[in-house]
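This report describes the fold, the helix geometry, the nonpolar core and the charged contacts of a protein chain. The sequence and the structure are shown first.

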Amino acid sequence: MQKTIPGCFFQQMYSSLTGISMERDHMKDLRRYLVLKYIQYLVLSSSNAISTFLGLLGSLYTMIILRSAKVSSKSTVVLISSLARADILVSVSVVSEMVVWSFGGSVSSTAFTPALLQNLLTANTHISCLLLTCVAFEAYLITFFPTESRHLRTVKNARLTSRIIWILVIAECALFQTDDLLKASSTSVPTHSPCILLLHFSSTAAALLRSLSYFLGILLRIVNVYIYYKIFFSMSNRSTLKAK
């Protein structure tokens, strides 16, 4: 049975992209991808349309080259793979916003969709920042403690770390989503209803968690700058000693 023309086209396009990636230096591409993500999440105060679009393209290309047999399975590669998959949340949010816009105000009037889309973006940002910090910390261990940290820098530990980050952030955004839903339905709840107590509790917990996330984001920026500052000057000193 012959393949359809669109099917052949997409298969050929994917094969050509994979072929291009196999001829390139994968580690250089992954380092460029990390630089793009550091700028997007840890340098810019907030993501804009251009950085988000470039980030999505970078994640798509990264997922393609990670399917190549030439990419070795290392702990850093596992973290980068999880980082690329986090952009799926952004894709879902963008597609959902397009659907909401297409249907006008009828879908967004429930106040459920806008909150959910915002929480998807929040989950993507928090997952990406934590994974980027893990990559930076691993680079620090490789630079200063290459032998002593070898038992920590394993694929198993990287996968476990990625799972823990995803679980924690999903739990965080689930709390945010619950708080948004309770606020949306609070107008129809009687004043002396037990749901009011639940609303106050969820609002307080969500507010504390948002404050903690804000300060944690600042701390992660400081930690990443410090780590790469130390790595940069360590590599510079080594280059100077070799030159002498």
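What span should the 18 residues of H2 have at 1.5 Å a residue, and how far apart are its end C-alpha atoms? The expected span is 26 Å and the end C-alpha atoms lie 24 Å apart, which agrees; the expected span of a helix is defined as 1.5 Å times one less than its number of residues.

## Basis of the model

The structure is a predicted model, in which local features need pLDDT of at least 70 and side-chain atom pairs count only at pLDDT 80 or more, whereas totals for chains, interfaces and linings use all residues. Residues are numbered from 1 along each chain as its sequence is written, and side-chain values use heavy atoms, with hydrogens and water left out.

## Overall fold

The protein chain contains eight helices and zero strands. Helices (H or I, at least four residues) and strands (E, at least two) are DSSP runs, numbered from the N terminus. Along the sequence, the pattern reads α-α-α-α-α-α-α-α.

Of the 244 residues in the protein chain, 33% count as buried. Here buried means under 20% relative accessible area, exposed means over 50%, and partly exposed lies in between, with a 1.4 Å probe and protein chains only.

## Nonpolar core

The largest nonpolar core comprises 33 residues, and those with the most contacts inside it are Leu 34, Tyr 38, Ile 127 and Leu 132. Such a core is a set of buried Ala, Val, Leu, Ile, Met, Phe, Trp, Tyr and Cys residues joined through side-chain atoms within 4.5 Å. At least two residues of this core come from each of H2 (26–43), H3, H4 (75–102), H6 (112–144), H7 (155–185) and H8 (194–243). The greatest contribution is that of H6, with ten residues.

## Helices H2 and H3

The buried residues of H2 are His 26, Asp 29, Leu 30, Tyr 33, Leu 34, Lys 37, Tyr 38, Gln 40, Tyr 41 and Leu 42. Arg 32 also lies in H2, but is partly exposed, at a relative accessible area of 48%. The C-alpha atoms of Arg 32 and Gly 58 are separated by 9.0 Å, although these residues are 26 residues apart along the chain.

H3 has 18 residues, and its first and last C-alpha atoms are 26 Å apart, close to the expected 26 Å. At its N-terminal end, H3 is capped by Asn 48, with a side-chain oxygen 3.2 Å from the backbone nitrogen of Ile 50. Buried positions in H3 are Ser 51, Gly 55, Gly 58, Ser 59, Thr 62, Ile 64, Ile 65 and Leu 66.

## A nonpolar surface patch

Ile 50, Phe 53, Leu 54 and Leu 57 form a nonpolar patch on the surface, with a combined accessible area of about 410 Å². Patches are made of residues with over 30% relative accessible area and no salt bridge; like charges are joined within 9 Å, and nonpolar side chains (Val, Leu, Ile, Met, Phe, Trp, Tyr) within 5 Å. Accessible areas come from the Shrake-Rupley method with a 1.4 Å probe, and for residues only the protein chains shown count as cover. One member of the patch, Leu 57, lies in H3 (residues 49–66) and is partly exposed, with a relative accessible area of 43%.

## Salt bridges

There are three salt bridges, each defined as a side-chain nitrogen of Lys or Arg within 4 Å of a carboxyl oxygen of Asp or Glu. Arg 32 and Asp 29 form one of them, at 3.0 Å from N to O. Both residues lie in H2, three residues apart, or about one turn of the helix. An α-helix has 3.6 residues a turn, so residues three or four places apart point the same way. Asp 29 counts as buried, at 8% relative accessibility.

Asp 87 pairs with Lys 37, the closest N and O atoms being 2.6 Å apart. Asp 87 belongs to H4 and Lys 37 to H2, so this pair ties together parts that are 50 residues apart in sequence. Both partners are buried: Asp 87 has a relative accessible area of 3% and Lys 37 one of 0%. In the salt bridge between Arg 210 and Asp 179, the closest N and O atoms are 3.9 Å apart. Arg 210 is in H8 and Asp 179 in H7, so the pair ties together parts that are 31 residues apart in sequence. Arg 210 is partly exposed, at 35%, whereas Asp 179 is buried, at 0%.

Note on methods
Polar contact = N/O pair within 3.5 Å; in protein donor to acceptor, adjacent residues only side chain to side chain.
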